[in-house]
Amino acid sequence: MSAPSSSHPAAGSTLDSLLLSAIADAVGTPAYVYHGDQIRRAYRTIDDAFGEVPHAVHYALKANSSLAVARLLRAEGSAADANSMGEVEIALRAGYRPDHIVFTGVGKRREELERAVALELLAINVESSGELDRLHEIARAHGSIARVALRVNPNIDAQSHPHISTGLRDSKFGVPIDLAPAIFDEMTRRPHLRPIGVHVHIGSQITTLEPLVRAAESVLELATRLRRAGIGIEHIDFGGGLGISYDGAPSPTPAEYVVALAGLVRGTGFTAVIEPGRALVGAAGLLLTRVVDVKHFAGSRRFVVIDAGMTELMRPALYGAYHQVDAVLPRAGELVVGDLVGPICESTDIFARNRPLPPLEAGDLLVIRDVGAYGAAMGHTYLRRPLPPEVMVDGGEWRVTRRRQTLDDMLRLEE
Ligand code: LLP
């Protein structure tokens, strides 16, 4: 297997069948493959669409915090959105400056807040009055002034999957927007807090602009009102959430979304902050996997069993998410309806049910598409399955950016 540092030529740098076969032969399957140029293009599109409007694109590391991806986006000029101290530390190691990092999280522990204060992050996105109290006390003990944005909940339905919708009043995230002015007022009386922003994030994989724009309008209105009250709001953080099309259905483009935001913010004097995850990396990753078995009994379903499972890619099991699947070297023949399933002893370990699949035989190489976001990042080691390798194809070559975990790696934590 290739060491993480060595690189191999990737003809034309497109992810074509030959290249994918070569990668699978070299690193084995399952394996994640990312396309660096595609991530860069996605970043440029978003950044450019803001035009002259003051803005900062904070990559939501939770989508994919592999160092190679984080570094690549840093090199493009991105800032970072972290949702745990682990992600803050990854951002620092990837070269992000503390004042380019915003830190969100519904349950930040004391040690996390202490570290965030010590680092003087760009903003700690605070989720409750209780958290403000704790943060104030920590900042006072530290003798500093913490920059704070308040995460508000605008009670807007993101019209996405309920598991990834966060903007309704009964969700655990943020404070109800109508309570925000009083909380900001309270902040102005805390000498160790400096309120500089308003934050909102109503959900993920949102495929219509309407809820995103409505949320943006409501926080803009709040920020304007706060500024009139003399509070030094500098930025509005519109969160992430823009979806991608997994199945080819029309979906708003990142440029359309950003142009809509820029239109709202232009001329207000506020800086627009966004925290895209999926829109930057989702389409730039695929999961290479091989068919292990094809099971078909008379009168029963046809099961294509692959070597990737919910351990590598949780999205289908968790949200019933659709991902396109293709054979790397298609065989001639009709599509046959079947279930594409993983090897794990859970009935939710299914990638596709009743899907017309190409003719497949054991050993065939497949790609599961659009897994650059929330794929590897949500991977785990159930059944003692090792974390898969990650490969970056970039600038005409490919390299292993994370090797496959070994049992010894896993056991290092045990007695
Ligand atoms: N900002 C905050 C505060 C967030 O909670 C999230 C995502 C983002 C930004 C980035 O959202 P994006 O632009 O990627 O939609 N595991 C799920 C998605 C969970 C999203 C959680 N928060 C999935 O696989 O669809």
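For the lining classes used below, Ala, Val, Leu, Ile, Met, Phe, Trp, Tyr, Cys and Pro count as nonpolar, Asp, Glu, Lys and Arg as charged, and the others, Gly among them, as polar. Under this scheme the residues lining the largest cavity of the model, which is a predicted one, divide into seven nonpolar, one polar and no charged.

The cavity search returned one cavity of 30 Å³ or more. The volume of the largest cavity is about 40 Å³. Its lining is formed by Val200, His201, Ile202, Leu212, Ala215, Ala216, Phe238 and Tyr257. His201 is part of this lining and, under the scheme above, falls among the polar residues because His is not listed as nonpolar or charged. Helix H8, which spans residues 209–228, provides the largest share of the cavity lining, with three residues.

The largest pocket has a volume of about 640 Å³. It is lined by 33 residues, and those closest to its centre are Lys62, Thr166, His201, Ser204 and Tyr374. His201 thus appears in the lining of the pocket and also in that of the largest cavity. At least two residues of the pocket lining are supplied by each of H9, helix H10 (278–281) and helix H11 (315–319). Sorted by class, the pocket lining comprises 14 nonpolar, twelve polar and seven charged residues. The cavity lining, in contrast, contains no charged residue.

Helix packing was examined for three pairs, two of which involve H2. Helix H2 (residues 36–49) packs against helix H9 (residues 254–265) at an angle of about 25°, and the two axes are 8 Å apart. Angles under 35 degrees count as roughly parallel, and H2 and H9 are therefore roughly parallel to each other. Their crossing is right-handed. On the H2 side the contact involves Thr45, Ile46 and Ala49, which meet Pro254, Ala255, Val258, Val259 and Ala262 of H9. Seven of the residues in this contact are nonpolar and one is polar, while none is charged. H9 also contributes to the lining of the largest pocket, with at least two residues.

H2 packs in addition against helix H3 (residues 67–76), at an angle of about 45° and with the axes 10 Å apart. H2 and H3 are therefore oblique to each other. The crossing of H2 with H3 is right-handed. Gly36, Ile39, Arg40, Tyr43 and Arg44 of H2 make this contact with Val69, Leu72, Leu73 and Glu76 of H3. By class, the contact has five nonpolar residues, one polar and three charged.

In the third pair, the axes of helix H5 (residues 110–119) and helix H6 (residues 129–142) come within 10 Å and cross at roughly 50°. This angle makes H5 oblique to H6. H5 passes H6 in a right-handed crossing. The residues contributed by H5 are Arg110, Leu113, Glu114, Val117 and Ala118, and those contributed by H6 are Glu131, Arg134, Leu135, Glu137, Ile138, Ala139 and His142. The H5–H6 contact holds six nonpolar residues, one polar and five charged.

Two local backbone features were also found. Thr29 and Pro30 are joined by a cis peptide bond, with omega at about -10°. Pro30 belongs to the loop between helix H1 (17–27) and strand S2 (31–35). Glu120, a residue other than glycine, has a positive phi, near 55°. The position of Glu120 is in the loop between H5 and strand S6 (123–126).

Conventions: Residues are numbered from 1 along each chain as its sequence is written. This is a predicted model: local features need pLDDT of at least 70, side-chain atom pairs count only at pLDDT 80 or more; totals for chains, interfaces and linings use all residues. Side-chain values use heavy atoms; hydrogens and water are left out. Axes are lines fitted to C-alpha atoms, for helices over the stretch in contact, and angles run from 0 to 180 degrees between N-to-C directions. Helices (H or I, at least four residues) and strands (E, at least two) are DSSP runs, numbered from the N terminus. Angles under 35 degrees count as roughly parallel, over 145 as roughly antiparallel, 65 to 115 as roughly perpendicular and the rest as oblique. A crossing is left-handed if the near helix is turned anticlockwise from the far one by less than a right angle, and right-handed if clockwise. Contact means heavy atoms within 4.5 Å. On a 1 Å grid over the protein atoms alone, a cavity is a set of points where a 1.4 Å probe fits but cannot get out, and a pocket is an open set with protein on both sides within 12 Å along at least five of seven lines; lining residues have an atom within 4 Å of a point. Grid points are joined across faces, edges and corners, and a volume is the space filled by probe spheres set on the points.
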